[in-house]
Amino acid sequence: MVYADDSEFNEVIDEELGNLDTGEIDKIIDGLDDQTKDLFGDESFINKIYKIISGDLGYDSSSIFTYLLDLLFDDLLSFLPIISLIISVAILGSMVQGLKSKSNSTSISSVINFVIYGIIIVAIFSVLGNLISSVINSITAIKGQMDAVFPILLTLLTSIGGTVSVGVYQPAMAVLSTVVINIFTTFLLPVFIFSCVLVIVSNLSNSIKLDKMVGFANSLFKWVVGIIFTVFLGFASLQGLTAGSIDGLSIKTAKFTFKSYIPIVGGYMSDGIFLMLAGCNLIKNAVGLGGLLLMFSTIIAPLIKIIVFMLCLRLVAAVVEPLGNGKLANLISGIAKNMQMLIAMVASISFMYVILVGLVMCSANIV
Amino acid sequence: MNSVSSYILTIAGVVLISVVVELALPDGQMSKYIKSIFSFFIIGVIIAPLPSLLSSKNVSSIFDYSEYQIQDGYIYSLNTSKLNTLEIEEEKFLMEEGYANVDIEITAEDLNVAELVVKNIYVNFDNLIIEDFALHKDIDEIKIYLENRYMDKFDLLQGSVIYD
């Protein structure tokens, strides 16, 4: 259903984009570091939207792949000192254990163990602290992006007549960006730290065992994330799909009937106005996609860093295990296992964001 | 967040002290009892702050949220350009019907909401040129024709079409 040539449509889109207030997103893009900005590919959000509308995402799979590989090897190099430190301390420890005289055995060997533990824990936590703060930063960054992108999406959804959808998504977006993120930062992050501390503590001495407490923290984390996921996405997607199809139907009806009461122009849809609505719809989808691209470029670096560190820790645990110090291997692999929680936090928030934006992009499509 | 981190630090601290004490203790009869005393301590430290951590005040603040506001300016300017488009389309339509140079201005009830309801239509015949092929030649006939057309098209009330 195209009544106009390209230039007329481009004019409509130019005008509509000119009216859109994207100052918040531009501020966020200004504040990004150079690497992320390169990956996002543009200095201003409006330019990115123009590119997306014209069908040029500015990415090809090989450039993404080389970028990911670069990140991977950078992270590997930066973790190499820690890995070698841990392995060498563990080897040294086992050599000292073997060399020490047999007479005063137990107390000396536990002191040696304690010192080795101290060194390794300090080494791991110096990295883990950075990773935790980078996770907090990326969650805050995602929240900031949501605060900037969601009002624009809602405005565009309203402008194409998606009133029922707006009624569903307006609270859902607010819940995601405040309640869900609050639960993640004020509850699940402490649970992660709690579980890490317990892993360390329970491997410190033979007499105090807190393994079950670690298990409790882990399963608490899993259940809370699972419940948030199911409830939030279940409600948003079921309600959103219904509302979106109702809106789509009422807009489609408006194209064929004249006097029914629909939210376009007093029950009247002309070719010119249809063109404007199609433009708004296109911009809505492009803004959604642009927001998601921005989110991906922000979280990809910290996410890969965490994954690489986790794999490194697992490797170290595997290397240390044959040295005969089972507790040390348990400690390192326990922390590596806990790091899945960090990954889960960033990944699940961004996944919910993707689904919500995808639902908005799908709803009230008029063409 | 602060109370949680202090909770975690307390647990770590108590366990650390107990481990150090364990290292320093001589292997005697007493060491067994001291170890069990420390494990009681650790249980206490883990359990004691739980009620205050899970208090309703902490929990309810998580669930406060305020909804996002729609950019009114965008809806306003979109509605203005919708009306402009309608005006241009109508003028073009009338030109094709044989009534050239009619000036039409459409106003709406509220430009800040997405549901645009047409309020008045001002029609200016000052520069009207009636072509030969036009259906109605008399200006009153044209007025009646337009009024019927708009009342039907935009669901307007009697008297909403105003002629300058």
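**Figure 1. Secondary structure of chain B in the predicted model****.** Chain B comprises 6 helices and 5 strands. Read from the N terminus, its elements follow the order α-α-α-α-α-β-β-β-β-α-β. The radius of gyration of chain B is 40 Å, whereas a compact globule of 164 residues would have a value near 15 Å. Along the principal axes, the C-alpha atoms of chain B occupy a box of roughly 120 × 25 × 20 Å. Buried residues make up 36% of the 164 residues of this chain. Of the contacts in chain B with a separation of 6 or more, 57% involve residues 24 or more positions apart. The exposed area of chain B is about 9800 Å², with carbon and sulfur atoms supplying 59% of it.

**Figure 2. The loop of chain B that holds Ala48(B)****.** Ala48(B) is located between α2 (30–47) and α3 (50–53) of chain B. With a relative accessible area of 59%, Ala48(B) is exposed, because the cut-off for that class is over 50%. The C-alpha atom of Ala48(B) lies 9.7 Å from that of Tyr7(B), a residue 41 positions away along the chain.

**Figure 3. Asn101(B) and its positive phi****.** The loop between β1 (99–100) and β2 (103–108) of chain B contains Asn101(B). Phi of Asn101(B) is near 60 degrees, a positive value although the residue is not glycine. Most residues other than glycine have a negative phi. Asn101(B) has a relative accessible area of 45% and is therefore classed as partly exposed, since the value falls between the limits of 20% and 50%.

**Figure 4. Overall architecture of chain A****.** Chain A contains 10 helices and 0 strands, in the order α-α-α-α-α-α-α-α-α-α from the N terminus. Its radius of gyration is 27 Å, well over the 21 Å given by the globule rule for 367 residues, so chain A is more spread out than a compact globule. A box of roughly 100 × 35 × 30 Å along the principal axes encloses the C-alpha atoms of chain A. Of its 367 residues, 53% count as buried. Among contacts in chain A between residues at least 6 apart in sequence, those joining residues at least 24 apart account for 81%. Chain A exposes about 15500 Å², of which carbon and sulfur atoms supply 67%.

**Figure 5. Packing of helices α9 and α10 of chain A****.** Helix α9 (residues 271–320) of chain A packs against helix α10 (residues 326–362) of chain A at an angle of about 170 degrees, and their axes are 9 Å apart. That angle makes α9(A) roughly antiparallel to α10(A), because angles over 145 degrees are placed in this class. The residues of the contact comprise 28 nonpolar, 6 polar and 3 charged.

**Figure 6. Leu189(A) and Met173(A) in helix α7 of chain A****.** Leu189(A) belongs to helix α7 (residues 163–204) of chain A and counts as buried at 2% relative accessibility. Its C-alpha atom is 8.2 Å from that of Met345(A), although the two residues are 156 apart in sequence. Met173(A), in helix α7 of chain A, is buried, with a relative accessible area of 0%. Residues up to four places away in sequence aside, Met173(A) touches Phe150(A), Leu153(A), Leu154(A), Leu356(A), Val360(A) and Tyr68(B). Between Met173(A) and Leu311(A), which are 138 residues apart in sequence, the C-alpha to C-alpha distance is 34 Å.

Notes:
Residues numbered from 1 in each chain as written. Chains lettered and ligands numbered in written order. Predicted model: local features only at pLDDT ≥ 70, side-chain atom pairs only at ≥ 80, totals over all residues. Heavy atoms only, no water. Axes fitted to C-alpha atoms, helices over the stretch in contact; angles between N-to-C directions. Helix = DSSP H or I, 4+ residues; strand = E, 2+ residues; numbered from the N terminus. Parallel < 35°, antiparallel > 145°, perpendicular 65-115°, else oblique. Nonpolar A, V, L, I, M, F, W, Y, C, P; charged D, E, K, R; others polar. Rg over C-alpha atoms; globule rule 2.2 N^0.38 Å. Buried < 20%, exposed > 50% of the residue type's maximum accessible area, 1.4 Å probe, protein only. Contact = heavy atoms within 4.5 Å. Areas by Shrake-Rupley, 256 points an atom, 1.4 Å probe, with all protein chains shown as cover.
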